[in-house]
Each structure stands twice: as C-alpha cells, then as structure tokens.
Amino acid sequence: MSSLRPSYLVRTALLFALLLPASRLSQAADIESNHLKLPQVPVADEVLTFNQKYCLDCHSGADAEASYNLSELGRSASYADHIHGWKAMLRRLIHREMPPADSEQPTQAEYEQTIASLKVSIRKVDQALAMQKPRAMRRLNAREYNNTIRDLFGIDYPFASRFPEEPRFHGFDNIGESLSVSPTHINSFLSASQRIAEEVIPEKTSPAPMTTAFDYQFYKGNPFEVDGPIKVRNGNSFIAVGEDGKNSPHYWIDGPFHVQFRSPASGYYRFIVRCRPVDLDDGVLSFRFTVNNRQVADFDLTEEDFKDGVLLDTEVFVPHNKKLNTAELTWRNGIRATIPRVHYKISKLARDQGIKSGRAFTHWPEEVEWPHFRYVQVEVEGPRTTGGSIENATSSVISSESLSNLSIEQLVNRILPLAFRRDVDDAEIRHYVAIGQSASADGASRTEALRLTLAAILNSPHFLYLVEEPPSDAERGSYQLTDFELASRLSYFLWSTMPDEELFAVARARKLSKPEELRRQAERMLADPKAAELSEGFGVGWTGADRIRGVMPEPFLFKNVFSTALHDSMAREPSEFFDTVRRENRSLINFIDSDFVVINAPLAELYQIDGVKGFAFRKVDLPDDSPRGGLLTQAGILTMTSEATRTSPVKRGIYLLETIFNRPPDPPPPNAGSLEAQQTDELRPVSSKLAAHRENPACASCHQRIDPYGLAMENFDPIGRWRDEDIVIHWDDLSKPDYKRRKKSFAVASDATLGSGEPLTGLGGLKTHLLSNQDRFLLGLTERMLTYAIGRELLVTDEEAVQQIVEGVREQDNRFNALIREVVLSEPFRTR
C-alpha cells in the first residue's frame, strides 16, 4: 500500500517514542502508581456525634442496611481516610435521604451544622488532593484528527476511521485522562500518516479528468438479475417500457441507484445526477448519497426544486483505488418504503396484461400511478482537482511554488508551524530536515524522502497532542497559557480542529490572551459554520445521543411502528435540537422545556404533528397543549431510557439526574435486585413493581430520589409515544399474536412525590419543578461544558469559577452564546 520502506517505518516509530516528552511519561507513571499524599483533616466532633446518634444503628457491621457500613467512618482520624464514604453521607444529608422517615429525625440546626462542617472539611481534602493530581496532556481524538487534516491539507476524508474506538469520560471523547496511547494507536497513527503523505505528495502528475455517464442506455439489455417488466441490475430497480425487454428505456422506481466507477488518481470527483420526476403529487422526496459507504449528502427535494433536471451536483474526495468504487443514491421514502410488495404487484400487473417473461410494458401502465423517475443519468467526472497538497495548507506564509520543485527544507518550513500550531525554533526545523536528508542519503527517492519527513511530523506528539507546557514547579492553575496554547484550546473547543489564519495571526501578535480579544474571537468562531462541531462533540456527548442507535425495542411489540427510518431520526433529534439552540443563540432553558421541536416526517408521525414532510430536520412550533418540548420528551431519549418491552422510570430518572442536574445517583449495591427478577403471572404496571422494589431497604434511599422523576414521564411509552393507558402483556406471550396474549390495561400512574415531599403531577408537574430549579440545571450544564472545553475532569478548585460562569450566564438571559463566552473567559480555560 505504501512506498515507504520498512526501515523508514521503524525509524518513524522510534521517532514517535523518542519525542514523547519526559513530563508525559512521568505523569503516566504518577497516574499508574496513584501515590498521593493524603492530607490530614481531623473529623469534627459534631460530625462524629451525628453519625453515632442517627446513622450507626442501621449502618454498621456485616449486616448494615443497603450494605452501607458507616462504622469505619466513625473510627476515622482524618476525612481523607474514607473520603468517598464521607461524600456519600454528605449527599444523602443534603437531599434529606438520611435518616429515613420512620427513624428519629435530626433537628434543622443539627442538619445544617453537620452539612456545613462536612462541606468545609471535604473541600480541604479535595483541594489538597487536586493540587497533587497529575496533569495529563490531551491527545487529538479521531474526529479532531480528521478535521485537522482537512484544514491542514484540504483533504476531507476519514483517515482516522481505523483508529481504536475512543473511550468516553463523562460522556465526552476529548478528556485527556481517558485518551491513552496503546501500541494499536501507534500503528494506526503510522498507517494514517503514511496514507496522508501519499495523498499530499503524489508520485506523479494526476491524469486528466474523465467523465463517465451511467444512464438508462447503460442498463439496457441482458443480463438482468430479474426477468420480466421489472429489471434489476446492480441493485437498481426499473420498469422497462418499450417493444421488448432488451432495448427499452427503463424508468427508475426503486433503489438504491447504484453505479461503479474507477478512480485512477486521488482527488475530488464531481457527481451529477439528472432525471425527470413523474407523479410526485407535490410530495417531498428524501435522498441520501454515499460514496464507498461514506455519507456525502442527505437532503429533501420537491418537484419544483429540480433545476434543468438536476437532482444532485456535488464534489467528493475519492482516494486512488485499483478496484471499483461504489456510489449510491438512496430514495429513502420511495415506493419500496411506502408500497408493500411493490415488485410482486408490478409483476402481477404484467402477467394480467399477458406480458411474457423477458418482455417490457409497451407503455407506462396507467394503473401504476406511483412516483418514479425517467431518463436517470449519473455523471462521474474526475479527478477534477488533486487531493490534499502542501499548497492547500492554510497560512499566509505559504508560497505556491510547484510541488515538483519542493525541497525538504521548504516542506518543513511550511508545514511544521501549522502542524504544531505554534511558532517553531531552528532546532526543530533542523531535526525534521535531517530525517528527510537521512532518508535521501540511504537511497530514498525525492518523493519518498518528502513523504517520510511529512509522516514524521504527523507522528510527533506536538501534532497528536494539544501540548501545554507549564514549568515543572508550577502549581495547578497558576500557569497562564501562551497565546498559541490558548488558540488551540479555543479552536478545538468550538471547532474540533486547528486554528484558522486569523486565530494564528492574533496568537502570533500576542493579543489573544487579552480578554477583549479572546471574547471577540470566540464570538467570531461561534458564527462560523465550523461551530456545528460543538453540537457533534458536546451536544451528542452531553445528551447521550450516541447511545440511541444501540437500543432496539422488542420487534414483536413495535414492528409496525419502529422502522429503520424512525430509529435513525430518533438518534439525530437530540443533536439537531441542540444545534438549533446553538445556531439561534436561544435560551438554555429550552433544554428543559421549549415551545418548538426539531423533527422530520418519521418523528412528526410518531408525535402526531401534521404538515411535516421529508427526512430533513426543521424547527416546528408546538401548540400550547403539546406534551413535547425540551430534551426529556424526545423519542430517542425516551427509547434509550426504556427496556425493550416496557418503560423504565429508573433509567429515565437516572438520565434526568445525570443530564439535567449533573448529579448522578450512587451505583446500586450488589444485592439491589431488579424488576425482571419479580416476573410472575400477575399482570401489574411498572409503577406497582417499583413501589414493591422500594420496600427493600437496600434500594429505598436512592429510589426515593430517582423514581419520582421517571414516574412523571410514564405517559410516554417505550418508544416515546404519548399514552393514557399502560397495556401490560404477560412476559411469556410477547411473541404470540395479539389476540392470544394475556394482557391487562391500567391507567397510567404518572403522579409522584419527591423525597423532599414535593409532589410531581405528571409531566406538567415535572416541567414546573425543573423550571423552578433552573439554577441547578445551569450549574450542571456549566460543569459539563467546562469539562468539555478544557478536556479534563473538574476539580474542587474549579468550583468558584463555575459559580462565576453561572452568574454571568444568568445576567445575560441564559443565552447559549453567553455560556460559551463565560467559559472561554474563565480562569480554568485560560490556565493549566
């Protein structure tokens, strides 16, 4: 695949290892050993007294309730000895989960004194531990890697598609502590850098562009996969109309429309699809276009949108491929999706008219009033331009000398500052020039030497990591990022890619560290189309939308409703909604409740909203009596937080606590059990089963906090449809026909009471509660946004900055851009 010789690959691998900073290696060792000096913060007498008086009767010894033994805490000399236990106790006291209602209750003064003492002491421990915690450097994840290569060389292609799957930490894939490097990663980096080098520095001049047309003439004649009036070739379905089945025009009725073409050289290829639509009935057609299974376009059209018969005109980067490439146009709401057994019906129509096998309809059958396309043609032209190049690198200092005259010195001088995202010194330039010169001295061709030099640059930690280098003796949070470091942090936060020319120029002029300029750049970047990456990076991670594709409701129950199109739409709705709030700079409170949804036709049908056609997402205003609005009522999230056959108030309650408040409950104890273990022949609604579950002392304290939130959403069924009745089917009858199932209908029980005694009257009561607690929501969202922005877990030392961000957002009407501005100007964002 690569022209780089094995000895050069070994040299590049060694180069990667040798260039790893010693600080990174020592940090990794610190993390592994985890030898932190525990601070000595004595346990306050009032806390010990409270623990002894109100807790130990139930929570001590081997048979402690809920397996929650607090006797060890009472023997602690310092809070640091059992810090997690003290934190768990504090959380339960804050939420009044301890002591239980049927036990002796502390006075309000005892509660307040104990909580205040615990907060002060735990904060001292956390601060001391935070100052010792190693500072991990953050590696580019696969998404950031692809975006950076795109902006560095002009190649829009997923080179990182074979990287190991990135782990998620707090829902995000950009957290430094979790982005480790394994031997598999190193091999992936090497392979990707070789391939990029080959695309950027081609062996020879790209051939002249060629145009290949695929139309109905191409699909005439035999062999066909199916005889008769329906012709199928390469997966394309046509109705043949003419004197015979071999030399007649074929009208496209189904799909995907599939063409195969060659790419003699890497570059951008133009794809033009022409056709004439017939019988659309003012409908909306939804299409998806892919090249080599990579989605290129997803769009809706009406008959009026067809200009000069052009359905699609787009350019796509296609690498050199000795084999055939595949392009497919899928008609997502065509007759295959909307008319059952369409092929059978057309074949039967032909037989009824006496048309023999292998023949065609003499004219388009009047009985077939289905939308279809005549005279379909796909043109593939290319390569129109070469792939990536040195000249495509974005920088005002890049000259446009011919690649054929490019020297190793010119390559390094052009690329190194952009790849490292900062100014470089002479020693660094000489280092990479020497790599190429050494390869030339060993007999490598000029092209091989250039490619190896470029691959070495792309394997440097200064490219693969967002390098921030505080002095070794600098305390955490005391190091002010340099302008270049700040430029990279800002760009990868908002765009998930490298800085652009303007940001580089401001950093080079040492102006970015000034608050007014930092604010101006953040606002400029938010208005750029690349800020949509914030919706893909933060929006998907925060809402958990990436998990929706992995859930599957029971087919026996939902096979007539839960389609692939609906599933795909569910998975996209959270990020599309988030992107609308971002793009329109709306209030963050819309995530709790909104007067609009962002949906397409499959979701509109599920939500019983009229007038929405096509698969493209659009903002739709809600009537006053609609139960929709916000995140929690979206079908994908409701499906993700359900079991395959029933709703799960527990999962839905946990999701709310995690996502809306950023206060997840503790993990369940080992003996917690599950509702599935309660399966009996008695048909009961899930609310009844949960009530019995809460009678277990091991479960009661947590479920008092979780269940009410989930129960308030019980009017939504397992795939997010609104319901007033809960139809319970016997677990052993799910696969049986409906008339044979044992089932019973119950009125939905969606009223609940929080542990504090506050009632939640169904969904309306839940939204009222959340809106009255929007400060808790803003706090949780700010914590998550700051975590994503700086690429690390928040520490107790960040709490003051978080509160300042929240106050700043409140003063600016809770607008989305206000949150971004306040995060960017915060101390944790500008320091390390």
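A residue counts as buried when its relative accessible area is under 20%. The exercises below use a predicted model.

**Exercise 1.** State how many helices and strands the protein has, and what share of its residues is buried.

Solution. Begin with the elements: the protein has 30 helices and 19 strands. Then turn to burial: of its 832 residues, 55% are buried.

**Exercise 2.** Work out what span helix α15 should have, and set it against the distance between its end C-alpha atoms.

Solution. Helix α15 covers residues 483-494, which is 12 residues. The expected span is 1.5 Å times one less than the number of residues. For α15 this gives 16 Å, and the end C-alpha atoms lie 16 Å apart, so the two values agree.

**Exercise 3.** Decide whether α15 is largely enclosed by the rest of the structure or not.

Solution. Check the residues of the helix: among the buried ones are Asp483, Glu485, Arg489 and Leu494. The full count is 12 of 12 buried, so α15 is largely enclosed by the rest of the structure. Just after the helix, serine 496 has a positive phi of about 55°.

**Exercise 4.** Locate arginine 628, and find what its side chain reaches.

Solution. Arginine 628 sits in the loop between β15 (618-621) and α22 (635-640). This residue is buried but has no salt bridge. A salt bridge needs the charged atoms within 4 Å, whereas the nearest side chain of opposite charge, glutamate 573, is 6.9 Å away. The side chain of arginine 628 instead reaches backbone oxygens: that of threonine 633 at 2.8 Å, and that of glycine 720 at 2.7 Å.

Key
Residues numbered from 1 in each chain as written. Predicted model: local features only at pLDDT ≥ 70, side-chain atom pairs only at ≥ 80, totals over all residues. Heavy atoms only, no water. Helix = DSSP H or I, 4+ residues; strand = E, 2+ residues; numbered from the N terminus. Buried < 20%, exposed > 50% of the residue type's maximum accessible area, 1.4 Å probe, protein only. Lys, Arg positive; Asp, Glu negative; His and termini not counted. Polar contact = N/O pair within 3.5 Å; in protein donor to acceptor, adjacent residues only side chain to side chain.
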